[in-house]
Structures are given as C-alpha cells and as structure tokens.
Amino acid sequence: VDFTGGRDQHRNSGAADLPGAAYHRNMVKVILVIVALGLMIFALIDAWQVPAAEVRGGNRFLWTLAILLLPVVGALLWLFFGRLPEDGPRYLGPDDDPDFLRGMPQ
C-alpha cells in the first residue's frame with residue numbers, strides 16, 4: 001500500500017533517470033579509457049626513442065614498468081621527470097627552415 005500518494009516517485013528523479021543518461025556515462029568512461037591508453041602508448045614509445053643518455057632516474061626498463069604498472073601516473077611522471085629537457089632548438093618544419101627557404105624558387 002502506498003501512503004505517499006505517489007509523491008516519492010518525483011523526489012528521486014534527476015539526471016540519472018533521463019533517457020540515455022547511462023549511455024552518456026558509459027561513453028565518458030570509454031573516452032577516458034581511450035585517452036589513458038593513448039597517453040600510455042605515447043609515453044612508452046617516447047621512453048624507448050629517447051637516447052639512453054637522456055633518461056633520468058634509472059633505466060628505460062624501470063620507466064617502462066612505472067608506465068605499465070601506474071598507467072596514467074607513470075606516463076605523466078615519465079613526460080615531466082623521466083627525460084632531460086631539450087637544450088637545442090626543436091625540429092623546424094620546412095616553412096621555418098632557412099636552408100629550405102633559400103633553395104625555394106621565388
């Protein structure tokens with residue numbers, strides 16, 4: 001027997017009761033997992049492409065373990081603390097390279 005007169009049915013209605021809310025929550029989770037995997041893959045590739053002399057705090061194997069065992073945290077630690085900062089200029093695209101521009105016909 002319902003003594004509330006149906007009033008409690010509206011009390012708990014919120015965003016979770018909207019049609020498609022569960023779908024949107026699941027999509028957000030899927031997107032977060034894809035971003036985390038992408039960050040991990042990028043960090044792993046970067047850790048193995050950096051010259052050994054530029055790896056800080058141990059060797060590549062330890063950084064690989066950190067990235068794999070602490071997925072997001074390990075990848076962020078590698079990107080911020082795992083490699084030495086670059087001293088020289090970064091790679092320039094062809095439109096910013098003076099040697100390339102000199103060889104271009106005007």
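Colleague: What makes the crossing of α2 past α4 left-handed?
Modeller: In this predicted model, α2 passes α4 in a left-handed crossing. A crossing gets that name because the near helix is turned anticlockwise from the far one by less than a right angle.

Colleague: Why are α2 and α4 called oblique?
Modeller: Start with the angle. The axes of α2 and helix α4 cross at roughly 40° and come within 9 Å. Roughly parallel needs an angle under 35 degrees, and roughly perpendicular runs from 65 to 115. An angle of roughly 40° fits neither class, so the pair is oblique.

Colleague: Which residues make that contact between α2 and α4?
Modeller: From α2 come Ala36, Leu39, Met40, Phe42, Ala43, Asp46 and Ala47. From α4 come Pro71, Val72, Ala75, Leu76, Trp78 and Leu79. By class, there are twelve nonpolar residues, no polar ones and one charged residue.

Colleague: What makes Asp46 the charged residue there?
Modeller: Asp46 is on the α2 side of the contact. Asp counts as charged, along with Glu, Lys and Arg.

Colleague: How do you know whether Asp46 is buried or exposed?
Modeller: Asp46 has a relative accessibility of 12%. Buried means under 20%. The value falls below the cut-off, so Asp46 counts as buried. Asp46 belongs to helix α2, which spans residues 21-49.

Colleague: What makes the pair Asp46 and Arg83 a polar contact?
Modeller: The side chains of Asp46 and Arg83 are paired at 3.1 Å. The limit for such N or O atoms is 3.5 Å, and one must be able to donate a hydrogen and the other to accept it. The distance is within the limit, so the pair counts as a polar contact. Leaving out residues up to four places away in sequence, Asp46 touches Trp78, Leu79 and Arg83.

Colleague: Why is Ala75 called buried or exposed?
Modeller: Ala75 is placed in helix α4. Its relative accessibility is 0%. The cut-off for buried is under 20%, so Ala75 counts as buried. Apart from residues up to four places away in sequence, Ala75 touches Leu39, Met40, Ala43, Ile67 and Leu70. The C-alpha atoms of Ala75 and Ile41 are 8.7 Å apart, although 34 residues separate them along the chain.

Colleague: And which class does Val72 fall into, and why?
Modeller: Val72 also lies in helix α4. Its relative accessibility is 36%. Buried means under 20% and exposed means over 50%. The value sits in between, so Val72 counts as partly exposed. Beyond its neighbours within four places in sequence, Val72 is in contact with Ala36 and Leu39. Val72 and Gly38 are 34 residues apart in sequence, with 9.8 Å from C-alpha to C-alpha.

Colleague: Why is the pair α2 and α3 called parallel or antiparallel?
Modeller: These helices pack at an angle of about 180°, with axes 10 Å apart. Over 145 degrees counts as roughly antiparallel. The angle passes that mark, so α2 and α3 are roughly antiparallel. In α2, the residues involved are Met40, Ala43, Leu44, Ala47, Trp48 and Gln49. They meet Arg60, Phe61, Thr64, Ile67 and Leu68 in α3. This contact of α2 with α3 divides into eight nonpolar, two polar and one charged.

Colleague: How do you know whether Thr64 is buried or exposed?
Modeller: Thr64 lies in helix α3. Its relative accessible area is 13%. That is under the 20% cut-off, so Thr64 is buried. A polar contact of 2.8 Å joins the side chains of Thr64 and Trp48. Setting aside neighbours within four places in sequence, Thr64 is in contact with Leu44 and Trp48.

Colleague: What makes α3 oblique to α4?
Modeller: The axes of helix α3 and α4 cross at roughly 140° and come within 5 Å. Roughly perpendicular ends at 115, and roughly antiparallel needs over 145. Roughly 140° falls between those marks, so α3 is oblique to α4. The contact of α3 with α4 has ten nonpolar, two polar and no charged residues.

Colleague: How many helices and strands does the whole chain have?
Modeller: The protein chain has five helices and zero strands. Buried residues make up 15% of its 106 residues.

Key. Residues are numbered from 1 along each chain as its sequence is written. This is a predicted model: local features need pLDDT of at least 70, side-chain atom pairs count only at pLDDT 80 or more; totals for chains, interfaces and linings use all residues. Side-chain values use heavy atoms; hydrogens and water are left out. Helices (H or I, at least four residues) and strands (E, at least two) are DSSP runs, numbered from the N terminus. Buried means under 20% relative accessible area, exposed over 50%, partly exposed in between (1.4 Å probe, protein chains only). Contact means heavy atoms within 4.5 Å. Axes are lines fitted to C-alpha atoms, for helices over the stretch in contact, and angles run from 0 to 180 degrees between N-to-C directions.
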